[in-house]
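Visitor: Hi, I've got a structure open and I'd like to talk it through. Can we take it bit by bit?
Guide: Sure, put it up and ask away.

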Amino acid sequence: MEMFSIGVRLIFPFSSVDCRKGEPFCGLPGQCEEDFERTGRLFQEQEKREKMSEKKDSVLEPDFAKCGGLVTTIAQDAETGKVLMLAYMNEESYRETLATGRAVYFSRSRQKLWRKGEESGNVQLVREIFIDCDRDAILLKVEQIGKAACHEGYESCFFRKITPEGVEIVGERVFDPQEVYKK
């Protein structure tokens with residue numbers, strides 16, 4: 001659904017007939033005054049709701065206590081929509097992510113903050129953050145800097161596809177992890 005910057009189209013998408021008289025809505029002032037005035041009122045009401053929502057949403061955050069201190073976090077490419085990886089955030093990593101705009105996770109195996117790309121250079125710049133309805137999962141829409149999100153050298157950690165014949169590798173390895181991590 002496309003949103004436009006004129007008339008009621010600021011608020012929501014429409015069909016080609018928007019006027020209560022059944023005429024096509026052109027979105028220009030003075031063309032259908034009755035609908036245009038109604039649109040202005042709708043827009044003012046929407047602005048009020050958004051301001052109230054912003055106040056509520058500014059204090060809404062993941063429920064870390066509910067999940068033993070860790071919240072499942074999905075990183076998704078902001079441009080393509082491809083799921084890149086699944087990780088975990090604790091409150092400290094979440095706050096650092098908010099403050100820096102770079103994805104910071106909590107490594108369960110190392111029991112410390114994991115600043116994505118600190119070793120590989122494959123940094124994730126956070127473009128949007130979403131919290132699910134139960135506040136126990138986070139979705140980060142990121143710009144992946146570098147070619148891979150996966151520590152095994154693939155663009156996505158989800159490079160294995162399960163088929164009736166077995167496991168199929170569907171991604172291409174873009175770097176050698178032994179060379180990058182030198183472990």
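Visitor: Where does Gly-81 lie?
Guide: You'll find Gly-81 in the loop between β1 and β2. Bear in mind that this is a predicted model.

Visitor: Is Gly-81 buried, exposed or partly exposed?
Guide: Gly-81 counts as partly exposed, because its relative accessibility is 34% and that class runs between 20% and 50%.

Visitor: And how far is Gly-81 from Val-142 in space?
Guide: Their C-alpha atoms are 9.5 Å apart, while in sequence Gly-81 and Val-142 are 61 residues apart.

Visitor: Let's zoom out. How many helices and strands does the protein chain have?
Guide: The chain has three helices and eight strands. Starting at the N terminus, the order is α-β-β-α-β-β-β-β-β-β-α.

Visitor: What share of the residues is buried?
Guide: Out of 183 residues in the chain, 29% are buried. As for the outside, the chain exposes about 12000 Å², and 51% of that comes from carbon and sulfur atoms.

Visitor: Which residues in the largest nonpolar core touch the most other members?
Guide: Those are Met-85, Tyr-105 and Leu-140, in a core of 15 residues. The elements giving two or more residues to this core are β1 (71-77), β2 and β6 (137-144). The biggest giver is β2, with four residues.

Visitor: What is Leu-140 in contact with, leaving aside its neighbours within four places in sequence?
Guide: Quite a list, including Thr-73, Ile-74, Ala-75, Met-89, Tyr-105 and Val-126. Glu-128 and Ile-129 are among the contacts of Leu-140 too.

Visitor: New topic: pockets. How much space lies in the largest pocket?
Guide: About 650 Å³. The lining has 27 residues, and those closest to the pocket's centre are Ser-107, Ser-109, Arg-110, Trp-114 and His-151.

Visitor: Which elements give two or more residues to that lining?
Guide: Four names to look for: β2 (83-89), β3 (104-107), β4 (112-115) and α3 (177-181). The most comes from β2, which gives four residues to the pocket lining.

Visitor: What's the mix of residue classes in the lining?
Guide: Twelve are nonpolar, six are polar and nine are charged.

Visitor: OK, what about Asn-90, where does that one lie?
Guide: Asn-90 is in the loop between β2 and α2 (91-100).

Visitor: Why does Asn-90 count as buried?
Guide: Because its relative accessible area is 14%, and buried means under 20%. Leaving aside neighbours within four places in sequence, Asn-90 is in contact with Phe-64, Gly-69, Leu-70, Phe-106 and Leu-113. Take Phe-64: Asn-90 is 26 residues from Phe-64 in sequence, but their C-alpha atoms are 6.7 Å apart in space.

Visitor: One more thing. What is phi of Gln-111 near?
Guide: Phi of Gln-111 is near 55°, a positive value in a residue other than glycine. Gln-111 lies in the loop between β3 and β4, and is exposed, with a relative accessible area of 56%.

Visitor: And what is phi of Arg-135 near?
Guide: Near 65°, again a positive value in a residue other than glycine. Look for Arg-135 in the loop between β5 (124-131) and β6. Arg-135 is partly exposed, at 31% relative accessible area.

Key. Residues numbered from 1 in each chain as written. Predicted model: local features only at pLDDT ≥ 70, side-chain atom pairs only at ≥ 80, totals over all residues. Heavy atoms only, no water. 1 Å grid on protein atoms, 1.4 Å probe; cavity = no way out; pocket = protein on both sides within 12 Å on 5 of 7 lines; lining within 4 Å. Points joined across faces, edges and corners; volume = space filled by probe spheres on them. Nonpolar A, V, L, I, M, F, W, Y, C, P; charged D, E, K, R; others polar. Buried < 20%, exposed > 50% of the residue type's maximum accessible area, 1.4 Å probe, protein only. Areas by Shrake-Rupley, 256 points an atom, 1.4 Å probe, with all protein chains shown as cover. Core = buried A, V, L, I, M, F, W, Y, C linked by side-chain atoms within 4.5 Å. Contact = heavy atoms within 4.5 Å.
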